[in-house]
Amino acid sequence: MQRYMPRRKKLFINKHSDIGMPPGSLPDSANNVNQEFLNVVITNINYDQNTFKKETLLHYQQIETELESIKQSSDQSIHWIDIESLEDLSLVKMICEKLDVHPLIMEDIAHTHQRPKIEDWDNHIYLVVKMIYITNTKEIIHEQVSFILGKNYLISFQEQKGDVFNIIRKRLEANKGRVRRMQADYLMYSLLDVIADNYFLVLDSINESLITLEEQISINNEMHYIKELQSLKQEILFIRRFALPFKEMLIAIMKEESDLIREDTLVFFKDLQDHTIQILDSIDMMREISLSIFDTSRSAMNNKMNEIMRLLTVVSTIFIPITFIVGVYGMNFKYMPELETHWAYPAVWGLMLTIVIGMLVYFKRKKWL
Amino acid sequence: MQRYMPRRKKLFINKHSDIGMPPGSLPDSANNVNQEFLNVVITNINYDQNTFKKETLLHYQQIETELESIKQSSDQSIHWIDIESLEDLSLVKMICEKLDVHPLIMEDIAHTHQRPKIEDWDNHIYLVVKMIYITNTKEIIHEQVSFILGKNYLISFQEQKGDVFNIIRKRLEANKGRVRRMQADYLMYSLLDVIADNYFLVLDSINESLITLEEQISINNEMHYIKELQSLKQEILFIRRFALPFKEMLIAIMKEESDLIREDTLVFFKDLQDHTIQILDSIDMMREISLSIFDTSRSAMNNKMNEIMRLLTVVSTIFIPITFIVGVYGMNFKYMPELETHWAYPAVWGLMLTIVIGMLVYFKRKKWL
Amino acid sequence: MQRYMPRRKKLFINKHSDIGMPPGSLPDSANNVNQEFLNVVITNINYDQNTFKKETLLHYQQIETELESIKQSSDQSIHWIDIESLEDLSLVKMICEKLDVHPLIMEDIAHTHQRPKIEDWDNHIYLVVKMIYITNTKEIIHEQVSFILGKNYLISFQEQKGDVFNIIRKRLEANKGRVRRMQADYLMYSLLDVIADNYFLVLDSINESLITLEEQISINNEMHYIKELQSLKQEILFIRRFALPFKEMLIAIMKEESDLIREDTLVFFKDLQDHTIQILDSIDMMREISLSIFDTSRSAMNNKMNEIMRLLTVVSTIFIPITFIVGVYGMNFKYMPELETHWAYPAVWGLMLTIVIGMLVYFKRKKWL
Amino acid sequence: MQRYMPRRKKLFINKHSDIGMPPGSLPDSANNVNQEFLNVVITNINYDQNTFKKETLLHYQQIETELESIKQSSDQSIHWIDIESLEDLSLVKMICEKLDVHPLIMEDIAHTHQRPKIEDWDNHIYLVVKMIYITNTKEIIHEQVSFILGKNYLISFQEQKGDVFNIIRKRLEANKGRVRRMQADYLMYSLLDVIADNYFLVLDSINESLITLEEQISINNEMHYIKELQSLKQEILFIRRFALPFKEMLIAIMKEESDLIREDTLVFFKDLQDHTIQILDSIDMMREISLSIFDTSRSAMNNKMNEIMRLLTVVSTIFIPITFIVGVYGMNFKYMPELETHWAYPAVWGLMLTIVIGMLVYFKRKKWL
Amino acid sequence: MQRYMPRRKKLFINKHSDIGMPPGSLPDSANNVNQEFLNVVITNINYDQNTFKKETLLHYQQIETELESIKQSSDQSIHWIDIESLEDLSLVKMICEKLDVHPLIMEDIAHTHQRPKIEDWDNHIYLVVKMIYITNTKEIIHEQVSFILGKNYLISFQEQKGDVFNIIRKRLEANKGRVRRMQADYLMYSLLDVIADNYFLVLDSINESLITLEEQISINNEMHYIKELQSLKQEILFIRRFALPFKEMLIAIMKEESDLIREDTLVFFKDLQDHTIQILDSIDMMREISLSIFDTSRSAMNNKMNEIMRLLTVVSTIFIPITFIVGVYGMNFKYMPELETHWAYPAVWGLMLTIVIGMLVYFKRKKWL
């Protein structure tokens with residue numbers, strides 16, 4: 001079984017370094033504009049119903065040119081610029097400034113502790129969610145993804161390298177489904193849909209861990225299983241913190257009457273919203289199950305204790321009286337008439353056997369044996 | 001008593017095979033159109049106030065012809081096409097396409113993890129619920145049923161073969177009640193009503209299991225009863241997950257102002273809504289009862305432990321001191337004046353009896369005996 | 001103390017016999033119209049400000065005539081027809097049909113598992129509540145009462161014979177209070193008010209049982225008290241299930257703008273609503289109290305266990321070491337120099353006394369004695 | 001520490017004597033009008049900005065005259081008639097009838113189980129709250145206070161003699177603050193404000209009891225402390241039942257657009273509402289604290305049990321094996337070669353010491369010592 | 001690890017000294033106007049886009065002059081008067097009277113038990129929050145901060161000396177960020193933002209304490225760790241009491257349509273609101289974690305108990321029977337044939353070894369060893 005470690009250390013923001021910064025601003029490093037960036041992978045996909053182009057951007061200038069062409073919307077094609085890793089904050093800053101994004105959003109993109117939410121800024125929409133997925137090494141990754149959706153473009157900022165979007169990239173390239181026929185809002189929907197699908201995969205895996213744990217605990221009620229159970233419960237709660245505002249965000253999209261999300265895409269967002277409700281249902285069910293496993297384990301502990309004590313009591317209650325009897329005839333008094341007779345020794349054995357059998361019958365009746 | 005197994009494995013969707021599919025599409029198998037289908041039972045019922053026709057459809061073409069005639073609404077009669085089992089997805093696809101059903105609904109029908117809901121698509125209504133019932137072998141079946149309600153037709157998609165609708169079929173044939181006089185919306189109501197009735201039957205059966213369990217636990221507090229109790233509690237929670245959105249769906253129908261559900265049918269849906277509230281009430285009550293059985297069982301365990309320890313303590317406390325005394329006079333010191341006297345042995349017995357009686361009185365007063 | 005048995009068996013409806021019936025219909029027995037009815041008591045009260053007439057109806061025809069005269073409203077007087085027991089469903093059917101009551105309501109009257117509710121059907125109002133009261137034999141009776149309120153009449157259907165309405169009957173006859181001066185809606189209010197008063201009486205009685213139980217548990221923490229406590233808790237929850245929708249129903253009356261409930265009667269319903277809120281407050285308080293008694297009983301159990309174990313530990317810890325010592329000098333080695341000396345025996349006693357006193361001081365300091 | 005007794009007996013209304021009374025009526029005793037009343041203290045305060053008059057009314061006629069002058073509002077002054085104790089219901093009836101108060105309110109004043117609420121009756125406002133305060137003997141008093149607020153008068157009915165209003169009386173007499181400059185609504189506000197202040201005092205006192213209890217429980221985990229803790233918890237819940245509707249009532253005042261409560265007084269009521277929210281906050285906090293003390297006490301019990309059992313186990317485990325050894329050499333077999341040798345006795349001692357030391361090391365490593 | 005003490009003593013207001021005071025008034029000390037004040041630090045900052053002036057006010061007259069110039073708004077600059085410590089209530093009174101602040105607000109500023117809230121008084125806004133921060137000595141400080149926001153000024157009243165505002169003061173002086181370009185509302189936002197940031201710091205520190213505690217408890221389940229855990233839980237609840245109304249207040253600001261908070265500042269308040277939601281999320285998560293640590297610690301206790309009892313039972317069950325056997329052959333009967341034979345002694349040893357080995361195998365199979 002895979003072991004999840006409690007993720008408590010990630011609960012809070014390390015805003016220490018930020019405190020003292022004016023709101024809506026980034027650390028100084030954001031100003032050291034390099035012409036190249038090493039730890040960031042930028043993929044630019046440009047498509048319409050007929051054409052598809054995918055390239056990896058390597059230089060600042062490439063991005064600037066791309067953003068320029070987006071702003072002039074010289075063509076009808078959709079631009080998806082995907083930025084993996086937030087290490088180069090100057091890049092974030094540059095993109096945001098080019099697209100007239102409010103500094104507060106710039107700050108939200110950079111700080112990876114956002115609660116999923118959507119904000120409508122007339123000429124673009126800002127949307128942030130948590131992406132969770134399981135790696136090949138069975139580790140659960142939590143990662144923040146921010147989207148900036150414009151009329152003909154979608155910019156996605158991922159917290160780390162690695163994501164769950166390859167499916168969409170392939171579908172775009174192969175022109176499968178309706179994604180190439182639709183606008184940028186549908187692209188964003190598709191990405192969010194894949195993110196939601198991965199919630200199911202993660203929950204599925206946690207559920208399997210719960211089932212395994214339940215069996216192990218019912219066999220052997222050891223403390224490290226209990227601790228694992230508590231870790232799983234916390235992991236579930238942790239995911240709930242992402243999933244609940246995810247759902248709320250999708251409800252907000254329904255109400256938002258933005259031109260950027262078209263009427264015919266809304267029905268897909270409605271479907272996605274149903275998925276998030278299912279996610280929350282499953283989470284609540286799993287929470288109840290983990291509680292119930294814990295309760296059972298406590299009862300099992302008590303039960304085992306009863307069993308242990310019953311054994312001790314049965315053995316003690318049988319032997320303590322007869323041990324007393326043999327003690328009596330081990331006394332060295334000069335005048336103990338019983339000691340002298342022939343039948344005394346077998347008589348004592350008889351007495352002791354009677355006591356033992358009586359006890360055994362008594363315990364049998366009490367169902368202790 | 002019947003044993004329900006925890007249904008956790010069914011908690012989550014096996015969307016693995018789907019991930020990578022564009023939203024609103026079905027697996028490739030859906031395109032392998034066969035002209036016959038083996039594992040699906042399709043029943044077509046066609047009725048109006050005066051006529052009734054029931055046939056089992058066996059070929060694709062039969063269904064196509066039927067759907068064609070529905071679309072032309074050449075007659076005033078009601079068509080109910082009931083599809084049992086979702087194994088042949090190409091069939092689902094074909095029907096949906098014929099009736100201009102949105103691909104997302106097609107996907108919802110195929111994935112049997114939907115939360116009960118209703119969706120109004122102008123020319124038809126899509127509605128999905130969970131049907132639960134008990135088989136003759138005392139097994140609880142959970143099954144998804146989707147309805148597509150049009151002006152003069154109702155299509156029902158069942159997850160598996162076997163259902164609870166025979167009553168309605170017979171009533172239709174025998175022209176009992178008002179079902180033949182009403183429209184397709186009333187037919188759908190009748191089916192939902194039977195589904196709700198079966199919730200009561202299932203809860204009734206779980207309730208009986210609870211009562212049996214309570215008695216068994218009060219006699220013999222063994223772990224496997226506790227585990228069964230937890231299973232029942234999870235089963236109750238599981239049903240709650242179906243019943244709550246069932247109720248919400250019925251509230252939504254009230255507010256929906258669709259032409260497809262007539263004013264005079266709404267009063268029946270209102271009545272059905274009352275039933276689902278009763279179902280939820282019963283579920284909450286049963287949950288409280290299962291908690292209370294668990295609490296009682298824990299107290300019983302503690303109580304038994306007290307009893308065990310009391311016996312051990314009474315026996316030990318009485319015999320340990322007198323065993324010490326006999327030990328004293330088992331010592332081999334040369335100069336132990338007591339050993340020589342005649343009255344010493346009876347005196348020791350006297351002392352020991354005094355101690356035992358004193359102890360017994362003490363425990364009697366403490367109500368430990 | 002009176003013992004309430006858990007009422008779980010009554011939790012669910014025995015709809016088994018009904019399944020297969022078209023909605024809004026009654027079992028076949030409802031059609032076997034007898035001209036006389038044995039197990040039903042029908043009381044007809046006819047009054048206005050000046051006159052009062054009370055008779056027991058024995059024949060179908062009497063009822064029909066009465067209902068006829070109500071419909072023609074030939075006079076200004078108020079008619080209250082009270083039907084005790086639902087055994088003769090054909091009677092219910094006949095009355096409902098005479099007064100043009102919808103079949104669904106007919107069904108609701110017949111099934112005694114309704115959640116309290118109110119329904120406005122233009123020419124009459126249907127209202128159903130649960131009546132609870134304590135009999136002379138200290139049994140709690142739960143019974144469903146349905147009302148049909150028309151312009152000049154009130155029909156009440158009781159589940160069983162026996163009720164709490166005698167007070168109102170006497171008040172009507174004696175012309176006490178304003179009931180004779182008011183319309184049928186005030187009569188219905190008066191009956192509901194008496195029903196609510198009896199909730200207080202029942203809760204009062206349960207509360208006394210709780211107080212008695214608490215005392216008994218604090219003296220003697222036996223399992224059957226715990227079970228009784230859990231029964232009481234379930235009884236409280238059971239009553240809550242009736243009281244909550246009772247309150248909601250009264251809130252609904254406030255909002256309902258029916259001509260059948262006059263403006264000047266509404267102020268009385270508002271007052272009644274305050275009473276139901278008090279009932280719910282009391283129920284919630286009693287629930288907390290029962291939980292708190294349970295918690296205390298568990299602590300008491302643990303405490304007793306501590307006490308038991310402390311005694312065992314004290315006795316064992318004192319005697320085990322000195323029993324070892326006397327064992328040592330019971331050994332039969334040939335060369336044990338201590339055995340030969342005169343002072344050895346008293347010295348051993350001295351040693352043992354020292355150990356015992358040391359132990360006692362130690363336990364005294366630990367407050368275990 | 002002061003001990004609060006659980007107040008469960010007061011949970012319910014003793015409406016027994018009332019059942020059978022028409023709604024809105026008082027017991028017959030209310031009609032035995034005496035010309036004097038012994039157990040009721042009636043204080044009449046009459047003031048405006050310049051004058052202040054305070055008198056104790058002793059006769060029915062005095063009150064009637066006073067009420068007459070109020071109704072004619074011959075002067076601009078404010079009348080505050082304060083009735084302490086509800087023993088003389090005929091007095092309540094007389095006052096209510098003089099001021100055209102609805103009989104239902106008359107009933108509410110007489111029954112001291114009202115939930116705090118406000119009712120607007122056009123020409124006067126009826127308001128009822130619970131006053132709680134601590135007497136000099138450290139007893140907590142719960143008492144119902146009803147107010148009838150008219151244009152130029154305020155009538156207050158207290159359940160018992162004794163109140164917390166002396167401060168206001170003195171302030172009125174001394175013309176401190178703005179109370180003399182304002183109308184009757186401000187007077188009512190002032191009284192409610194003093195009542196709310198006393199909630200803080202009572203909670204403060206309960207909080208101190210909680211702190212004391214926590215310390216005592218951490219020293220000595222005896223059952224009577226646990227019971228006291230549960231009593232305190234119930235007391236807190238009891239006060240919550242008064243405080244919550246108190247707040248709701250103040251919110252209702254904000255929305256009520258009555259002429260009797262002036263715009264410039266509303267700001268004071270808003271402030272009072274903030275106080276009641278603080279009261280509820282404190283109550284919820286104290287509830288959590290009492291739960292946390294209980295949890296700690298349970299852990300402490302378990303911990304103590306562990307300690308007891310550890311001692312027993314250590315002592316037993318060390319002595320039982322060596323007692324067995326000395327038992328072996330206490331056997332009387334003829335041929336036990338060990339017994340004959342010189343070094344056997346010290347060797348046995350050596351063996352036993354080795355065992356004891358081994359055990360001690362083992363327990364030391366396990367941190368049981 | 002740092003130890004937080006429970007803060008229960010601060011739960012309630014010491015209004016004792018106030019009771020009897022007319023609402024909206026301050027203690028008499030507020031009238032002893034001194035010309036100088038010792039324990040209060042007053043900092044006056046005066047800035048616009050180009051100029052910045054900071055001075056410490058020492059005399060009443062200085063403040064009066066300053067307030068005079070604010071009222072005449074002779075210049076376009078922003079005035080921030082920051083009062084640290086509320087010891088000199090006459091100062092509060094003077095400032096409030098100068099700025100026409102309602103006496104009730106004056107009272108709210110003086111009583112440091114306010115629930116965070118905002119009140120719009122047309123010409124100024126009153127806002128109160130709780131500031132929490134950690135000192136260098138690792139102590140958590142709770143402190144009330146009141147703001148009065150006018151068109152061109154902000155007055156801040158702090159409960160004690162010492163705050164978290166130095167960052168803002170420096171930013172103002174250095175003209176970093178947009179604070180100098182904006183109005184007084186933005187200054188207030190900046191201060192609230194720093195306060196919210198410090199909530200994160202405090203929670204972060206508590207979280208670290210939780211992690212440390214969890215480790216310590218898993219090693220050594222001692223009572224003082226449990227008590228510390230409960231203290232932390234109470235601290236968390238305590239902060240929750242501040243954070244929840246903080247969030248509600250920010251929602252209220254959004255709805256408040258005051259001229260004093262400009263449209264372009266609102267977007268920052270919206271961002272701040274998101275932060276408070278994150279704070280509440282973290283608090284709820286930490287609460288769950290502390291519960292889960294507690295549950296684990298209880299299971300660990302039970303587990304340890306099981307282990308202790310298992311050892312006792314194993315040792316007792318093995319030695320008690322064989323001790324009985326040696327007791328048998330310690331009896332002094334004259335006629336015990338076994339005693340005489342040569343092989344008897346080794347045979348008894350054999351028997352005893354068989355029993356011991358049998359027991360060990362039994363316990364091994366039961367996994368008790």
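**How the terms apply in this predicted model**

Author: The side chain of D274(A) makes a polar contact with the side chain of K117(B), at 2.5 Å. This is a predicted model, where local features need pLDDT of at least 70, side-chain atom pairs count only at pLDDT 80 or more, and totals for chains, interfaces and linings use all residues. Residues are numbered from 1 along each chain as its sequence is written, and side-chain values use heavy atoms, without hydrogens and water.

Reader: What makes the pair D274(A) and K117(B) a polar contact?

Author: A polar contact is a pair of N or O atoms within 3.5 Å; within protein, one must be able to donate a hydrogen and the other to accept it, and residues adjacent in sequence count only if both atoms are side-chain atoms. The pair lies at 2.5 Å, so it qualifies.

Reader: Why is D274(A) called buried?

Author: Buried means under 20% relative accessible area (1.4 Å probe, protein chains only). D274(A) has 9%, so it is buried.

Reader: Which residues does D274(A) contact, leaving aside its neighbours within four places in sequence?

Author: They are K117(B) and E119(B). Contact means heavy atoms within 4.5 Å.

Reader: How do you know that chains D and E are related as by a five-fold rotation axis?

Author: Copies are superposed by least squares on the C-alpha atoms of residues with pLDDT of at least 70 in both. A rotation of 72° with 0.0 Å of shift along its axis superposes chain D on chain E, with RMSD 0.1 Å. The two copies are therefore related as by a five-fold axis. Of the residues of chain D, G330(D) comes closest to that axis, at 4.5 Å (C-alpha).

Key:
Chains lettered and ligands numbered in written order. Buried < 20%, exposed > 50% of the residue type's maximum accessible area, 1.4 Å probe, protein only.
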